[in-house]
Amino acid sequence: MTWDPAPLSEVASLFSAAAVPWWVAGGYAIELAVGRAFRDHADVDVLVLRRDQLAVQEALASWEWWAADPPGTLRPWQRGEVLPQGIDDVWCRPSAAAPWRIQVMLDETDGDEWVSRRNPAVRRAVAGLGGVSRDGIPYLAPEVQLFVKARGTRPKDEQDFAAALPVLDGSQRQWLANALRATFGEHPWLDRL
C-alpha cells in the first residue's frame, strides 16, 4: 500500500475547520515539540477523540476513509458510521487512485479526560493533551506520544525519545515515568528520565 504523507501544512489546512480538538501525532508530534525535523516519516498521524470521529468525515469530505478492522483489514468507513472501541485507525486518501495521505487515530475519553488504550488507568485532561507549534499546528504532547511509542521501542521510537528528552520539563518527565511504570513495570527509558 502506497503512502505519500500529506505535509503538515496540508493537514492543518484540512483540519482547521473542524470544530473539535485534533492533534498531529506520531513522529511528527515529537518533531513539532522539539522544533526541528530529524528523521523521515512513512506516514502522518492525526489524533482525534473517538467521540469526535465524525468530524474527520466533515474535514475530509471529498476523500475516501478506510477503517482498519483488527487485526488490520481495511474496509470502507461509511458516511455517518460510528466506529466502536477497538477500531482505532482510519486511513484516508483523496481518491481510489491516490496514495494514502493521512492516518487518523481514535482515542478514548471519560468526560474531560483522555484515556490511554494501553492502560485505562493512564489519563490526562483533554485540555492538556497537546501543544501548538510556532506555525499554529496542534500536536500531541511529547510525553504522551512517547508513552504511546514505548510499547515496542523500535529504532525510530528510540530516536524520537532521544530527541524529545532534552525538551521535556520535570513534570513531563514525571508524567511519562509514572505512565511507563504503571503500564510496563520496568522500562528501559525509566533510567534516562
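These exercises, each with a worked solution, explore a predicted model.

**Exercise 1. The nonpolar core**

Find which residues touch the most other members of the largest nonpolar core, and which helix gives the largest share.

Solution.
- Start with the membership. The largest nonpolar core holds 61 residues.
- Next, pick out the well-connected members. V11, F15, W22, V24, I102, V104 and W114 touch the most other members.
- Now ask where the core residues come from. Helix 2, residues 26-34, gives the largest share, with six residues.
- Finally, take one member and list its partners. Leaving out residues up to four places away in sequence, F15 touches W22, V46, V48, V56, A59, L60, I102 and V104.

**Exercise 2. Helix 2 and its surroundings**

Decide whether helix 2 is largely enclosed or open, and say what covers its buried residues.

Solution.
- Check each residue. G26, G27, Y28, A29, I30, E31, L32, A33 and V34 are buried.
- Draw the conclusion. Nine of the nine residues of helix 2 are buried, so the helix is largely enclosed by the rest of the structure.
- Look for the cover. It includes helix 1 (8-15), strand 1 (22-25), strand 2, strand 10 (138-140), helix 4 and helix 5.
- Look just past the end of helix 2. There G35 takes a positive phi of about 95 degrees.

**Exercise 3. Two aromatic pairs**

Classify the W66–W100 pair and the F147–F184 pair, and explain what parts of the chain each one ties together.

Solution.
- Set the scene. The whole structure has nine aromatic pairs.
- Take W66 and W100. Their ring centres are 6.2 Å apart, with 80 degrees between the planes. An angle over 60 degrees counts as edge-to-face, and that is the class of this pair.
- Place the two residues. W66 lies in strand 3 (residues 64-69), and W100 lies in the loop between strand 5 (89-93) and strand 6 (102-110), so the pair ties together parts that are 34 residues apart in sequence.
- Check exposure. W66 is partly exposed, at 22% relative accessible area. W100 is buried, at 4%.
- Turn to F147 and F184. Their ring centres lie 6.3 Å apart and their planes are at 50 degrees, so this pair is tilted.
- Place these two as well. F147 is in helix 4 (residues 142-149) and F184 in helix 6 (residues 170-184), so the pair ties together parts that are 37 residues apart in sequence.
- Check exposure again. F147 is buried, with a relative accessible area of 0%. F184 is partly exposed, at 27%.

**Exercise 4. A ring cluster and charges over rings**

Name the residues that ring pairs link into a cluster with W100, and find the arginine over the face of W100.

Solution.
- Follow the ring pairs. They link W3, W66, W91 and W100 into a cluster.
- Look over the face of W100. R93 lies there, at 4.0 Å from the ring centre.
- Then examine W175. R124 lies over its face, at 5.1 Å from the ring centre.

**Exercise 5. The largest pocket**

Describe the lining of the largest pocket, then judge whether Q145 is buried or exposed.

Solution.
- Begin with the space. The largest pocket has about 740 Å³.
- Count the lining. It has 29 residues, and M105, R118, Q145, V148 and R154 lie nearest the pocket's centre.
- Assign the lining to elements. Helix 2, strand 2 (45-49), strand 6, helix 4 and helix 5 (155-164) each supply at least two residues. Helix 4 gives the largest share, four residues.
- Focus on Q145. This residue lies in helix 4. Its relative accessibility is 3%, so Q145 counts as buried.
- List its contacts. Beyond neighbours within four places in sequence, Q145 meets A25, G26, A29, I30 and L140.

**Exercise 6. Two loop residues**

Locate R151 and P71, and state which peptide bond is cis.

Solution.
- Start with R151. It lies in the loop between helix 4 and helix 5.
- Judge its exposure. R151 has 60% relative accessibility, so it counts as exposed.
- Find its contacts. Not counting residues up to four places away in sequence, R151 touches R118 and F184.
- Compare positions with W175. R151 and W175 are 24 residues apart along the chain, and their C-alpha atoms are separated by 16 Å.
- Move to P71. This residue lies in the loop between strand 3 and strand 4 (73-76).
- Inspect the bond before it. The peptide bond from P70 to P71 is cis, with omega near 10 degrees.

Methods:
Residues are numbered from 1 along each chain as its sequence is written. This is a predicted model: local features need pLDDT of at least 70, side-chain atom pairs count only at pLDDT 80 or more; totals for chains, interfaces and linings use all residues. Side-chain values use heavy atoms; hydrogens and water are left out. A nonpolar core is a set of buried Ala, Val, Leu, Ile, Met, Phe, Trp, Tyr and Cys residues joined through side-chain atoms within 4.5 Å. Buried means under 20% relative accessible area, exposed over 50%, partly exposed in between (1.4 Å probe, protein chains only). Contact means heavy atoms within 4.5 Å. Rings of Phe, Tyr and Trp (its six-membered ring) pair if their centres lie within 6.5 Å; planes under 30 degrees apart count as stacked, over 60 as edge-to-face and the rest as tilted. A charge sits over a ring if NZ of Lys or CZ of Arg is within 6 Å of the ring centre and within 35 degrees of the ring normal. On a 1 Å grid over the protein atoms alone, a cavity is a set of points where a 1.4 Å probe fits but cannot get out, and a pocket is an open set with protein on both sides within 12 Å along at least five of seven lines; lining residues have an atom within 4 Å of a point. Grid points are joined across faces, edges and corners, and a volume is the space filled by probe spheres set on the points.
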